[in-house]
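Biologist: I would like to learn how to read charged pairs, burial and contacts from a set of coordinates. Could we take one structure and go through it feature by feature?

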Amino acid sequence: MRPAPDETRPVFRLMVALGLAGLVILGVGLAQFVTFEPLGQHTGVSARIVGIFDYDRVSHTVHGGNRDHFRTNEAFAAEVDWSTLPPDLEVGAAWFSGGFAIDAGGVGPATAKDLLARPVVPVNFGARRFPSGRYEFVVERFSGGRPVEVLARKTVVVLGS
């Protein structure tokens with residue numbers, strides 16, 4: 001009489017393979033975290049975003065009240081108070097759309113002192129209409145040309161007209 005075939009071997013191999021794939025994914029995630037969020041980089045400094053306002057493309061100024069919703073045909077920009085940061089701190093500000101997938105304009109990196117003359121940071125898609133969705137404005141500290149710490153962030157929603 002022959003012994004019955006072992007039916008657990010394929011399932012066991014599948015579970016080991018899935019476990020190894022999970023460990024590889026975890027390792028890659030930790031490596032990315034250490035690369036883009038280096039340990040010991042937290043300064044405790046925070047930037048002040050005055051607000052998100054209607055933007056005049058001709059005069060390059062903001063006007064009106066602070067808003068968090070815009071229409072696709074309304075230009076908008078953030079205003080940053082760079083004077084709240086140490087003057088020699090290397091910083092930048094950027095707009096992102098689509099969950100940080102699309103760069104939608106920004107300034108820097110430069111020292112906070114150099115950015116004092118550029119408090120208004122418009123969102124820029126190079127068109128008269130903006131795609132609808134969520135836009136994230138992020139002020140970051142840079143080190144070695146790379147963003148290493150988020151100092152402030154603000155989100156706005158652009159709705160279809």
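Biologist: Which side chains does the polar contact of 2.6 Å join?

Modeller: In this predicted model, the contact joins the side chains of Asp54 and Arg67, at 2.6 Å. Asp54 lies in strand 1, residues 48-56.

Biologist: What else do Arg67 and Asp54 form with their side chains?

Modeller: Side chains of opposite charge can pair when their charged atoms come close. The side chains of Arg67 and Asp54 meet in a salt bridge, with 2.6 Å from N to O. Arg67 sits in the loop between strand 2 (61-63) and strand 3 (69-71) while Asp54 sits in strand 1, so the pair ties together parts that are 13 residues apart in sequence.

Biologist: Is Asp54 buried or exposed?

Modeller: The cut-off for buried is under 20% relative accessible area. Asp54 has 17%, so Asp54 counts as buried. Its partner Arg67, at 25% relative accessibility, counts as partly exposed.

Biologist: Which residues are in contact with Asp54, leaving aside neighbours within four places in sequence?

Modeller: Asp54 is in contact with Thr61, Val62, His63, Arg67, Phe70, Ala75 and Phe76, once neighbours within four places in sequence are left aside. The salt-bridge partner Arg67 is thus one of the residues on that list.

Biologist: How many salt bridges does the structure hold?

Modeller: The structure holds five. Among them is one between Glu74 and Arg67, where the closest N and O atoms are 3.1 Å apart. Glu74 is partly exposed, with a relative accessible area of 24%. Another has Glu136 and Arg153 as its partners, at 3.5 Å from N to O. This pair links distant parts of the chain: Glu136 is in strand 8 and Arg153 in strand 9 (residues 146-159), 17 residues apart. Glu136 counts as buried, at 17% relative accessibility, and Arg153 counts as partly exposed, at 47%.

Biologist: Which residues are joined into one network by salt bridges that share partners?

Modeller: Asp54, Arg67 and Glu74 are joined in that way. Arg67 bridges to Asp54 and also to Glu74.

Biologist: What should I make of Glu140, which is buried yet has no salt bridge?

Modeller: Look for the nearest side chain of opposite charge and compare its distance with the salt-bridge limit, which is 4 Å. For Glu140 that side chain is Arg153, and it is 6.9 Å away. Glu140 is placed in strand 8, residues 133-143. Apart from neighbours within four places in sequence, the contacts of Glu140 are Glu90, Val91, Gly92, Pro147, Glu149, Val150 and Leu151.

Biologist: Phe142 is also found in strand 8. Which residues is Phe142 in contact with, leaving aside neighbours within four places in sequence?

Modeller: They are Glu90, Val91, Gly92, Pro109, Pro147 and Val148. Phe142 and Pro109 are 33 residues apart in sequence, and their C-alpha atoms are 6.8 Å apart in space. At 13% relative accessibility, Phe142 counts as buried.

Biologist: How far apart in space are Thr111 and Pro86, C-alpha to C-alpha?

Modeller: The distance is 8.7 Å, for residues 25 apart in sequence. Thr111 has its place in strand 6, residues 102-111, and counts as partly exposed, at 22% relative accessibility. Not counting residues up to four places away in sequence, Thr111 touches Pro87, Asp88, Leu89, Glu90 and Val91.

Biologist: And on the surface, which residues make the nonpolar patch of about 620 Å²?

Modeller: Phe12, Val16, Leu20, Leu23, Leu26 and Leu30 make the patch. Leu20 is found in helix 1, residues 8-36.

Biologist: How many helices and strands does the chain come to?

Modeller: The chain has two helices and nine strands. From the N terminus on, the elements run α-β-β-β-β-β-β-α-β-β-β.

Biologist: What do the totals for the chain say about burial and contacts?

Modeller: Of the 161 residues, 30% count as buried. Among contacts with a separation of 6 or more, residues 24 or more positions apart account for 60%. The chain exposes about 10,100 Å², and carbon and sulfur atoms supply 59% of that area.

Conventions: Residues numbered from 1 in each chain as written. Predicted model: local features only at pLDDT ≥ 70, side-chain atom pairs only at ≥ 80, totals over all residues. Heavy atoms only, no water. Helix = DSSP H or I, 4+ residues; strand = E, 2+ residues; numbered from the N terminus. Buried < 20%, exposed > 50% of the residue type's maximum accessible area, 1.4 Å probe, protein only. Lys, Arg positive; Asp, Glu negative; His and termini not counted. Contact = heavy atoms within 4.5 Å. Patch = residues over 30% accessible without salt bridge, like charges linked within 9 Å, V, L, I, M, F, W, Y side chains within 5 Å. Areas by Shrake-Rupley, 256 points an atom, 1.4 Å probe, with all protein chains shown as cover. Polar contact = N/O pair within 3.5 Å; in protein donor to acceptor, adjacent residues only side chain to side chain.
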